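Me: I am new to this structure and would like a close look at how its helices pack against each other. Please go on from there to the ring contacts and the backbone.

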Amino acid sequence: MIAMTLAEVSEVVGGEVVGAQEPVVVDGPVVIDGREPAPGGLFVAFVGERSDGHDHAAQAGENGAVAVLGSRPTPLPTVVVEDVQLALQRLAAHVVAQLRRTHDLTVVAVTGSQGKTSTKDLLAAVLAGAAPTVATRGSYNNEIGMPLTALRSDARTRYLLLEMGARGRGHIAELAALVAPDVAMVLNVGVAHLGEFGSRDAIAQAKGELVEALTPAGTAVLNADDDRVAAMSSRTSGTVRTFGAERDADVRVEDLTLDRLGRPSFVLVASGQQAPVTLRLVGAHQALNAAAAAAAALAVGLTLPQVAAALSEVTELSQWRMELHELDTGVIVLNDAYNANPDSMRAAIDALATIGADPGVRRTVAVLGEMRELGETSEAEHRAVGEYAVAQGIDEIVTVGEPARQIGGTFVADNAAAVAWLSENVRPGDAVLFKASNGARLFEVAATLA
């Protein structure tokens, strides 16, 4: 974070400084976990259902924090406010605005029903190769995580890349209003969180809030292959740049091929130029994610050859997202167990089927768990995923947990039973996919094969 005195922090957030015997300067990280290293930093104390952050202020001080932002005094100098979350957001908005004025900070934001984190990771790698970049870690994309990411920016930061999620209408609008993005990316409108929104049109309405928040000279990066996303061009007065596999997309994927492990190679086409890309990531869907990242990078001034070269160097994404491991045991593990919805399930199954086409692969095994937040469509969507896996020729489907039972195949009651099944049945030459919503914790099952 940029250096600020505690008095300045208090003025920005509308609080009162308590317990400071002399001027205190905050010039380190802003953290919400007292165990995190925070030399010179600010500890933000939230009161949760099971713990009270104020009780950990002393620990935060031991780890370097010099002050606290909270709702009551602590052993450290404290800025006391009525609403800690709102204060955190105000502080983030102030820091971003200050860096815009003084250091030419560019803010890029991304949302979508699926692929947000993978696209963000790809774009982060591209931007970081050009200039200092701060990007969302993992899926830190909510009303607390996004401000914390923004507050990692300092005078050296050229690009701030923010992932934004939503659990209802108005959520993205509130987040985007804090930072006023210069580039707003909307990847797709799927059925993830359908149970909360009620319809895909409602999801589209919420995702489109991001392009409405653009700065006047901003750029909306939209998926030309998704009708609901393409229609968002009418919701912004900014420049519109599209990506996709369609001929009318501004940044297009052409000549897509996959290697034996499902890693895509293709040609990126933009503004009459072409550049080859060979991704080291698994899944044909990563090509479209790469095109989205490329469109955003071009929008902030990078060149197509520069972008294509950087994309080809990306070796990994955030944890448990299409992680490919060729084990010494002769088993191939595809760990995509961080999250799941019907579209991402099908993409992962496609990747497994591609791997299974290799003559060296003995059998494909899909270990699948629950997809959450699908509402009344849950049973039908789980059943459809199972039918899709069968249609794609997956040799063995292992369904974990009662909420996922409709997928079909071999049913096991829980993760312990899944571990037991794998130990008895997986052999050298097998390719095994793990895919479910994060709460199912199938990544723990995947770890037992490593």
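Reply: What follows starts with helix packing and then turns to rings, charges and single residues.

The model is a predicted one. Start with helix α11, residues 285–299, and helix α12, residues 304–313. The axes of α11 and α12 come within 10 Å and cross at roughly 140°. Angles over 145 degrees would count as roughly antiparallel, and those from 65 to 115 as roughly perpendicular; α11 and α12 are therefore oblique to each other. The crossing of α11 past α12 is right-handed. On the α11 side, the residues in contact are Ala-290, Ala-293, Ala-294, Ala-297 and Leu-298. They meet Leu-304, Val-307 and Leu-311 of α12.

A second pair is formed by helix α13, residues 342–356, and helix α14, residues 378–391. Their axes also come within 10 Å, and the crossing angle is roughly 15°. Angles under 35 degrees count as roughly parallel, so α13 is roughly parallel to α14. Here too the crossing is right-handed, with α13 passing α14. From α13, the contact takes in Pro-342, Met-345, Arg-346, Ile-349 and Asp-350. Their partners in α14 are Glu-381, Val-385, Tyr-388 and Ala-389.

Helix α8, residues 200–207, can be read through its buried residues. These are Ala-202, Ile-203, Ala-204, Ala-206 and Lys-207. The cover over them includes the strands β8 (106–111) and β11 (183–186). Helices also take part in that cover, among them α6 (171–179), α7 (194–197), α9 (209–212) and α10 (227–230).

Now the rings. The count of aromatic pairs is 1. The pair consists of Trp-320 and Phe-443, whose ring centres are 3.8 Å apart; with their planes at 5°, the two rings are stacked, because planes under 30 degrees apart count that way. The two partners come from distant parts of the chain, 123 residues apart. Trp-320 belongs to the loop between α12 and β17 (323–326), while Phe-443 is in helix α16, residues 442–447. Phe-443 has 8% relative accessibility and so counts as buried, the limit being under 20%.

Two arginines are placed over rings. Arg-321 lies over the face of Tyr-338, 3.8 Å from the ring centre. Arg-405 has its charged end over the ring of Phe-411, at 3.8 Å from the centre of that ring.

Last come some single residues along the backbone. Most residues other than glycine have a negative phi. Asp-104, which is not a glycine, has a positive phi of about 55°. Asp-104 is in the loop between α3 (84–103) and β8. Asp-255 likewise has a positive phi, near 55°, and is a residue other than glycine. Its place is in strand β14, residues 251–258. With 59% relative accessibility, Asp-255 counts as exposed, since the limit for that is over 50%.

Ala-128 is in helix α4, residues 116–128. At 46% relative accessibility, Ala-128 counts as partly exposed. Between Ala-128 and Ser-153 there are 13 Å in space, C-alpha to C-alpha, and the two are 25 residues apart in sequence.

Notes. Residues are numbered from 1 along each chain as its sequence is written. This is a predicted model: local features need pLDDT of at least 70, side-chain atom pairs count only at pLDDT 80 or more; totals for chains, interfaces and linings use all residues. Side-chain values use heavy atoms; hydrogens and water are left out. Rings of Phe, Tyr and Trp (its six-membered ring) pair if their centres lie within 6.5 Å; planes under 30 degrees apart count as stacked, over 60 as edge-to-face and the rest as tilted. Helices (H or I, at least four residues) and strands (E, at least two) are DSSP runs, numbered from the N terminus. Buried means under 20% relative accessible area, exposed over 50%, partly exposed in between (1.4 Å probe, protein chains only). A charge sits over a ring if NZ of Lys or CZ of Arg is within 6 Å of the ring centre and within 35 degrees of the ring normal. Axes are lines fitted to C-alpha atoms, for helices over the stretch in contact, and angles run from 0 to 180 degrees between N-to-C directions. A crossing is left-handed if the near helix is turned anticlockwise from the far one by less than a right angle, and right-handed if clockwise. Contact means heavy atoms within 4.5 Å.
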